Amino acid sequence: MPEENSLAMNPFLDAIPDLTSLRETIWQELTLATSDSDEPWFLGVFGTLGLSSPELRTLVLRRVEQRSRSLIWHTDLRSEKFSQLERAEATSVHFWNPIHRVQLVVRGESQTFSSGDIVDQEWESSQLSSRRAYLGEFPPGTESDTMTVNFPAEFETRPPTETESQAGKQNFGVISTVVREMDLLILRQTGNVRAKYCWNDHDLGKPFWEETWVCP
Ligand SMILES: Cc1cc2nc3c(=O)[nH]c(=O)nc-3n(C[C@H](O)[C@H](O)[C@H](O)COP(=O)(O)O)c2cc1C
């Protein structure tokens with residue numbers, strides 16, 4: 001039966017009821033998603049504080065550094081989200097896995113980078129086809145009288161070469177979100193369950209993840 005199969009391969013159900021294993025599973029699944037665009041958590045809905053409302057958009061999760069609790073994202077440094085994070089670093093990210101039927105909401109603080117080692121490394125790891133997004137003359141969100149892809153027409157049918165792509169580096173920015181809270185909701189036929197993790201670095205001693213079950 002397909003459902004039994006999918007249940008058998010659900011690492012979140014396998015980790016229940018151990019909160020610590022469940023937390024490890026979260027980081028494993030996030031890490032896995034960065035190398036497989038078919039993984040649902042490859043995409044996150046990234047929330048920032050706008051001037052008058054919360055602002056949401058889809059971003060590709062590029063890299064995960066579990067040791068520093070960081071999620072790494074690529075974007076155009078001229079974008080609204082980049083300026084919003086420069087004004088207020090508060091960030092929420094929503095992930096949904098419809099196969100495992102698991103929702104993860106993380107909250108934390110994001111730092112923006114427009115130059116330096118992290119930008120150089122992330123730029124090097126980016127694909128040429130992705131780099132054309134940074135070759136636009138105008139900042140994302142700029143209104144236009146005509147329909148526009150906002151990059152040179154020649155790259156509509158081929159990716160830029162390494163040399164051609166370099167012009168985009170000046171618009172390339174990196175966001176690093178340091179996770180402080182994780183809220184995990186697991187949907188089950190027998191009843192949904194929910195776990196919450198908070199990074200405790202304010203008590204004496206070594207910082208640690210405070211973990212608890214909460215009512216779903
Ligand atoms: C599937 C998908 C993946 C996307 N990935 C990215 C991304 O990795 N980085 C990015 O800046 N925008 C990405 N976008 C576009 C953003 O959702 C958004 O439209 C754009 O970054 C402008 O956002 P802002 O004006 O809120 O800053 C993606 C959109 C979709 C639909």
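Is Arg 57 buried or exposed? Keep that one in mind as we walk through this predicted model, since Arg 57 turns up again and again along the way. The answer is that Arg 57 counts as buried, because its relative accessible area is 18% and the cut-off for buried is under 20%. You'll find Arg 57 in strand β2.

Let's look at what surrounds that arginine. Skipping residues up to four places away in sequence, Arg 57 touches Gly 44, Val 45, Phe 46, Gly 47 and Thr 48, and also Lys 81 and Gln 84. With Thr 48 there is a polar contact as well, side chain to side chain, at 2.9 Å. For a sense of distance, try Glu 89: it sits 32 residues from Arg 57 in sequence, and the two C-alpha atoms are 16 Å apart.

Now bring in the ligand. Arg 57 is one of the residues around it, and the others are Leu 43, Thr 58, Leu 59, Val 60, Arg 62, His 74, Thr 75, Ser 79, Glu 80 and Lys 81. By type, that shell splits into 4 charged, 4 polar and 3 nonpolar residues. Which element gives the largest share of the shell? That's β2, with 4 residues. Three elements each bring at least two residues to the shell: β2 (54–60), β4 (70–76) and α4 (80–87).

Zoom in on the polar atoms and you can pick out some specific pairs. The side chain of Arg 57 places an N or O atom 2.8 Å from an oxygen atom of the ligand. Thr 58 uses its backbone instead, with a polar atom there lying 2.7 Å from a ligand oxygen. Over at His 74, a backbone N or O atom is 2.9 Å from a nitrogen atom of the ligand. As for cover, the ligand on its own has 610 Å² of accessible area, and the protein covers 60% of that.

Back to Gln 84, which we met as a neighbour of Arg 57. This glutamine belongs to helix α4, and it is buried because its relative accessible area is 4%, with the cut-off at under 20%. Setting aside neighbours within four places in sequence, Gln 84 is in contact with Thr 48, Leu 49, Gly 50, Glu 55 and Arg 57. Thr 48 is therefore on the contact list of Gln 84 and on that of Arg 57 too, with contact meaning heavy atoms within 4.5 Å.

For the opposite case, go to Leu 51, in the loop between β1 (43–49) and β2. Leu 51 is exposed because its relative accessible area comes to 77%, and exposed means over 50%. Leu 51 and Phe 155 are 104 residues apart in sequence, with 35 Å between their C-alpha atoms.

Finally, follow the chain into some strand pairing. Strands β5 (residues 90–97) and β6 (residues 102–113) run antiparallel, joined by 8 bridges. Ser 92 is a handy marker here, standing opposite Arg 107 in β6. The two strands form a hairpin with 4 residues between them, and Arg 101 in the turn has a positive phi of about 60°. What does β6 pair with besides that? Strand β7 (residues 172–186) is joined to β6 by 12 bridges, and those two run antiparallel. To find your place in that pairing, look for Ser 110, whose bridge partner in β7 is Thr 177.

Terms used. Residues numbered from 1 in each chain as written. Predicted model: local features only at pLDDT ≥ 70, side-chain atom pairs only at ≥ 80, totals over all residues. Heavy atoms only, no water. Near = heavy atom within 4 Å. Polar contact = N/O pair within 3.5 Å; in protein donor to acceptor, adjacent residues only side chain to side chain. Areas by Shrake-Rupley, 256 points an atom, 1.4 Å probe, with all protein chains shown as cover. Nonpolar A, V, L, I, M, F, W, Y, C, P; charged D, E, K, R; others polar. Buried < 20%, exposed > 50% of the residue type's maximum accessible area, 1.4 Å probe, protein only. Pairing = 2+ DSSP bridges.
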